[in-house]
Structures are given as C-alpha cells and as structure tokens.
Amino acid sequence: MYSSTHADILTAVARFIVLFCILLAASCGRIGYETLAPVDSGDGGVDNPADVQGDASPDSEGPVPPGNDQAFDPEPDEDAEPEDSDTSDSQPDAPPECDPACSCTLYDEHTYMFCAASRTWDEAAAHCRAFDMWLVRIDSQEEQDWVYQHVIDLGFGDRSRLWLGANDQAVEGEWRWHDGELFWLGGADGSPIGGLYNAWPEGNPDNWTGGDLPEENCAELRMQLNDWNDYRCNATYRYACEHY
Ligand SMILES: [Ca+2]
Ligand SMILES: [Ca+2]
Ligand SMILES: [Ca+2]
C-alpha cells in the first residue's frame, strides 16, 4: 500500500516536472520570438495604412538582424576605399614619366620636358616619343611666350635655339607638327591651315640651301628673336617635348 502510494506520488511529481518544463519551454519560445518579432509584427499586424507606408522601407531593412546591419556597413566601406584609390591611381597615370636628365613642368594642363642636351631633330623627336610626348607644339602666342620665358628661366640662354615639333620632312612645303597635323602650306608666302598658330617671321620658312647644304625642313625657336625659322634637321639643338 505504502509503496503503491509512494509510486503514485513520484509519478505525479514527474508529470508535474514534465508539464512545468513544457510550459517553460513554450514560454521561452514565445519570449524569444516576441523579442525579434515586434518590427515584423509591426509590418504584418499593422492596421494603419499610414504606418505601412511609413514603415515599409525602414522595416524592410529593420527586420534584418542588427548583426547584418553591422556586417553591411564595413562592406560598402571596403568597396569605397578601393574606388577612391582607383580614382587616385588613375590621376597619377596621366602625367608621363620625366627623364631625370631634363626638366619637366606643367603648363595649361600639359606636361613639358625641356632638355639641355643637343640632338638632331630626329633624335630629339625620338627622345620625346620614348617618354610619351611629342616635340613641343605651339598653338598660341601665349604658349609661344611661355616657352620662350621658360627657356630663359632655365638658363638655356637668350641666344640659344630650340627644336620645335614643326617640320616639312615628308613633303616640301607641307608643314606639320610632330603629331602629323598640317598647320602651314607653302614657303614664306604660304598660308596657315585650319587657323592654326604660327610664328614665322617675314621671309621664312625659306628652305634655304646655300650652296650644297641640305634643305631646311625642321623648325627651331630662335630665342634671339622669339620667332621660328626652318633649319637643317641634322643640326644639334636643345629641345622641348610636350605631352598632349
Ligand atoms: Ca602645345
Ligand atoms: Ca623645307
Ligand atoms: Ca630658314
């Protein structure tokens, strides 16, 4: 009798414990859900249309666990930094490399390289091309005067001569810049092409050949007069390159 009663008590206690645990588990589950759910239930349970519209976009992000928000933030930042560095990388790519033996400077967003070494026109032109430049192309009185003054500032001398990109080596009388663009047709009595600038003085280009000398097919800047002259391309002058 006693043992039977004792067993009943144990069974009742066990049932109570099991029931308690079931209730406890159900209670915990509900608490856990409600903890995450308010934002969702706000969407689903919203009876006010105004709230639906107002909450729609924020809630669509809101229900994403806060942990995700934190995960999202670093990712755009990491993306943003490379974009910035890419942009900054593309800028340094623009200016060409400068030969340490020459002097480089910036004017009107173009890089110029002034070289004191004396070379023939073809040698000077090749040197410019090796640094992604052309022999200097002068397109305005302002550029002409700037080049003139810069040569003075560099100490090249006010009587020095400087190779320019202009030449008529391919066809006599067709004066083209180093890049190939035609800007003058004819001799001293010729005409500018396309309204392009020139600084020929009266009497040049004259293709002078005095005796057995080669023709004059390359243009020099005469510092003494701040103008241009056609001269023999195998002469050796200082020169200026331009990146454009
Ligand atoms: Ca130029
Ligand atoms: Ca000529
Ligand atoms: Ca001449």
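Student: What covers the buried residues of helix 6?
Tutor: Strand 4, strand 8 and strand 10 are among the elements that do. Keep in mind that this is a predicted model.

Student: OK, and which residues of helix 6 are buried?
Tutor: Val147, Tyr148 and Val151. Around the axis they take up an arc of only 100°, so they sit on the same side of helix 6.

Student: Is there a general reason for that spacing?
Tutor: Yes, an α-helix makes a turn every 3.6 residues, so residues three or four places apart point the same way.

Student: What's exposed on the other side of helix 6?
Tutor: Glu142, Gln149 and Asp153 are exposed there.

Student: And Asp145, where is that?
Tutor: Asp145 is also in helix 6, which covers residues 141–153. Asp145 counts as partly exposed because it has 13 other C-beta atoms within 10 Å, and the cut-off for exposed is 12 or fewer.

Student: How far is the C-alpha atom of Asp145 from that of Asp227?
Tutor: The two C-alpha atoms are 9.8 Å apart, though 82 residues separate Asp145 and Asp227 along the chain.

Student: What span should helix 6 have, at 1.5 Å a residue?
Tutor: For its 13 residues the expected span is 18 Å, and the end C-alpha atoms are 18 Å apart, so the two agree.

Student: What comes just after helix 6?
Tutor: Gly155, with a positive phi of about 80°. Gly157 is in the loop between helix 6 and strand 4. Gly157 is exposed because only 12 other C-beta atoms lie within 10 Å. Its C-alpha atom is 9.0 Å from that of Gln224, and those two residues are 67 residues apart along the chain.

Student: Let's zoom out. How many helices and strands are in the chain?
Tutor: 6 helices and 10 strands. Of the 244 residues, 22% are buried. If you take the contacts with a separation of 6 or more, 57% of them are between residues 24 or more positions apart.

Student: How many residues does the largest nonpolar core have?
Tutor: It has 37 residues, and Leu135, Trp163, Leu164, Tyr239, Ala240 and Cys241 have the most contacts inside it. Among the elements giving two or more residues to this core are helix 5, helix 6, strand 2, strand 4 and strand 10.

Student: Any general background on cores like that?
Tutor: In soluble globular proteins, nonpolar side chains tend to be buried together.

Student: What does Tyr239 touch, leaving out residues up to four places away in sequence?
Tutor: Tyr239 touches Cys115, Arg119, Ala124, Leu135, Leu162 and Trp163.

Student: Ala124 is in helix 5, I think. Which are the buried residues of helix 5?
Tutor: Trp121, Ala124, Ala125, His127 and Cys128. Looking down the axis, they fall within an arc of 160°, so they line one face of helix 5. Ala126 and Ala130 are exposed on the other side.

Student: What do the buried residues of helix 5 pack against?
Tutor: Strand 2, strand 3, strand 4, strand 8 and strand 10.

Student: New topic: positive phi. What about Asp132?
Tutor: Asp132 has a positive phi of about 60°, although it is not a glycine. It lies in the loop between helix 5 and strand 3. Asp132 is exposed, with 12 other C-beta atoms within 10 Å.

Student: And Asn226, what's its phi?
Tutor: Near 50°, so positive in a residue other than glycine. Asn226 is in the loop between strand 8 and strand 9, and it counts as partly exposed because it has 17 C-beta neighbours inside 10 Å.

Student: How do strand 1 and strand 2 run, parallel or antiparallel?
Tutor: They are antiparallel, joined by 5 bridges. Tyr107 stands opposite His110 in strand 2. The hairpin has 2 residues between the strands, and Asp108 takes a positive phi near 50° in it.

Student: Last one: what's the peptide bond from Asn204 to Pro205 like, cis or trans?
Tutor: It's cis, with omega near 5°. Pro205 is in the loop between strand 7 and strand 8.

Notes:
Residues numbered from 1 in each chain as written. Chains lettered and ligands numbered in written order. Predicted model: local features only at pLDDT ≥ 70, side-chain atom pairs only at ≥ 80, totals over all residues. Helix = DSSP H or I, 4+ residues; strand = E, 2+ residues; numbered from the N terminus. Buried ≥ 20, exposed ≤ 12 C-beta atoms within 10 Å, placed from the backbone. Contact = placed C-beta atoms within 7 Å. Core = buried A, V, L, I, M, F, W, Y, C linked by C-beta atoms within 7 Å. Expected span 1.5 Å × (residues − 1). Arc of directions from axis to C-beta. Pairing = 2+ DSSP bridges.
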